Amino acid sequence: FGQSKAQKLDSLFTSLYNSDKFNGNILIAEKDSVIFTKSFGYANESTKAKLNENTLFELASCTNPFTAMAILILKDTGKLNLDDEISKYIPELYKYKNITIRNLMNHTGGLPDYMALMDTIWDKSTIATNKDIIQILEKQQPDKLFEPNTKEEYSNTGYVLLASIIEKTSGKTYAEFLQSAIFKPLKMTRTFVYHRRLSSKKIKNYALGYLYLNGDYILPDDYDRSKFVFWLDGVEGDGTVNSTIKDL
């Protein structure tokens with residue numbers, strides 16, 4: 001009963017780590033104060049490099065808030081309107097009528113899932129990019145899953161297209177715009193867009209993501225069911241922002 005919140009959190013995550021149920025970095029804040037931060041385990045299972053508060057992680061879907069923020073910055077500067085149809089900026093997708101930027105942000109557009117589509121037709125020896133996704137949607141013209149605004153369903157496709165709209169309206173790459181409009185002003189010095197397989201470079205203190213299967217840590221690139229991490233590594237908007245707990 002006398003334990004502080006920090007002590008309780010430390011006890012909880014230490015127990016999870018000791019039972020092989022957690023490996024990673026934690027930062028918990030209440031209002032403006034950090035009440036607990038700690039690193040558990042390794043950034044690299046092969047080298048046994050330990051995690052610390054400056055270790056970089058690929059954020060996966062936690063990229064989405066940055067994509068949405070960039071869109072709102074462009075709205076505030078008059079570059080776009082949230083109720084513009086997506087075909088205004090990506091005319092190749094003229095078939096998908098009445099789907100707006102707002103729909104993409106709110107997951108209410110009904111666009112088909114690009115990952116499922118690519119899985120059936122893409123040459124998996126090649127790394128796809130946003131342009132490839134748009135070209136395939138243009139060529140294949142798969143039907144919408146539902147009419148816009150009739151349903152809400154999580155859509156990676158929507159956030160990929162938002163990244164392309166950011167590029168069209170800003171005149172910069174997705175990475176450049178996030179850097180200049182968000183990361184630099186917020187002094188997020190260890191945050192950037194990175195494609196680890198498409199444009200690999202040596203980055204110090206970088207965490208690799210693993211699958212834990214049958215008692216072993218396996219890189220997703222080495223497991224058949226998760227090899228999409230390779231051939232979709234060039235796609236951005238729904239992923240590829242990398243950051244640290246301190247920056248976040």
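This briefing walks through the fold, the nonpolar cores, one helix pair and several loop residues of the structure above. Keep in mind that the model is predicted. The secondary structure of the protein comprises eight helices and nine strands. With a radius of gyration of 20 Å, close to the 18 Å that the globule rule gives for 248 residues, the protein is as compact as a globular protein of that length.

**Overall dimensions and contacts**

- The C-alpha trace spans about 60 × 40 × 35 Å along its principal axes.
- Of the 248 residues in the protein, 41% are buried.
- Among contacts with a separation of 6 or more, 67% join residues that are 24 or more positions apart.

**The nonpolar cores**

- As background, nonpolar side chains in soluble globular proteins tend to be buried together.
- Here the largest nonpolar core has 45 residues, and those with the most contacts inside it are Ile 71, Ile 101, Met 118, Ile 165 and Leu 178.
- Six helices give two or more residues each to this core: helix 2 (64-76), helix 3 (101-106), helix 4 (114-121), helix 5 (130-140), helix 6 (156-170) and helix 7 (174-183).
- Helix 6 supplies the largest share of the core, with seven residues.
- If you would like a way into this core, try Ile 71: setting aside residues up to four places away in sequence, Ile 71 touches Leu 80, Leu 82, Ile 101, Met 105, Leu 162, Ile 165 and Ile 166.
- A second core, separate from the largest one, has five residues, including Leu 9, Phe 13, Ile 26 and Phe 40.

**Helix 2 against helix 7**

- The axes of helix 2 and helix 7 are 10 Å apart, and the two helices pack at an angle of about 75°.
- Because angles from 65 to 115 degrees count as roughly perpendicular, helix 2 and helix 7 are placed in that class.
- On the helix 2 side, the residues that meet helix 7 are Phe 66, Thr 67, Met 69, Ala 70, Ile 73 and Leu 74.
- On the helix 7 side, their partners are Tyr 174, Phe 177, Leu 178, Ala 181, Ile 182 and Phe 183.
- Sorted by class, this contact has 11 nonpolar residues, one polar residue and no charged residues.
- Leu 178 links two of these topics, since it takes part in the contact with helix 2 and is listed among the residues with the most contacts inside the largest core.

**Helix 5 and what follows it**

- The buried residues in helix 5 are Asn 130, Asp 132, Ile 133, Ile 134, Ile 136 and Leu 137.
- Helix 4 and helix 6 are among the elements that cover these buried residues.
- Gln 141 follows helix 5 and has a positive phi, near 45°.

**The loop between helix 5 and helix 6**

- Pro 142 is found in this loop, and its 19% relative accessibility counts as buried because the cut-off is under 20%.
- Pro 142 touches Lys 95, Tyr 96, Pro 112, Leu 117 and Leu 137, not counting residues up to four places away in sequence.
- From C-alpha to C-alpha, Pro 142 and Asn 25 are 40 Å apart in space, and 117 residues apart in sequence.
- Glu 147 also lies in the loop between helix 5 and helix 6, and at 43% relative accessibility it counts as partly exposed.
- The C-alpha atoms of Glu 147 and Ile 99 are separated by 8.5 Å, although the two are 48 residues apart along the chain.
- Ser 155 is another residue of this loop, and it counts as buried at 11% relative accessibility.
- Ser 155 is in contact with His 107 and Leu 111, leaving aside neighbours within four places in sequence.
- Between the C-alpha atoms of Ser 155 and Asn 106 the separation is 8.9 Å, with their positions 49 residues apart along the chain.

**Positive phi at His 107 and Thr 240**

- His 107 is not a glycine, yet it has a positive phi of about 60°.
- His 107 is found in the loop between helix 3 and helix 4, where it is buried with a relative accessible area of 12%.
- Thr 240, likewise not a glycine, has a positive phi of about 85°.
- Thr 240 is found in the loop between helix 8 (228-231) and strand 9 (241-243), and it is buried with a relative accessible area of 7%.

Terms used
Residues are numbered from 1 along each chain as its sequence is written. This is a predicted model: local features need pLDDT of at least 70, side-chain atom pairs count only at pLDDT 80 or more; totals for chains, interfaces and linings use all residues. Side-chain values use heavy atoms; hydrogens and water are left out. A nonpolar core is a set of buried Ala, Val, Leu, Ile, Met, Phe, Trp, Tyr and Cys residues joined through side-chain atoms within 4.5 Å. Buried means under 20% relative accessible area, exposed over 50%, partly exposed in between (1.4 Å probe, protein chains only). Helices (H or I, at least four residues) and strands (E, at least two) are DSSP runs, numbered from the N terminus. Contact means heavy atoms within 4.5 Å. Axes are lines fitted to C-alpha atoms, for helices over the stretch in contact, and angles run from 0 to 180 degrees between N-to-C directions. Angles under 35 degrees count as roughly parallel, over 145 as roughly antiparallel, 65 to 115 as roughly perpendicular and the rest as oblique. Ala, Val, Leu, Ile, Met, Phe, Trp, Tyr, Cys and Pro count as nonpolar, Asp, Glu, Lys and Arg as charged, and the others, Gly among them, as polar. The radius of gyration is taken over C-alpha atoms; the globule rule is 2.2 Å times the number of residues to the power 0.38.
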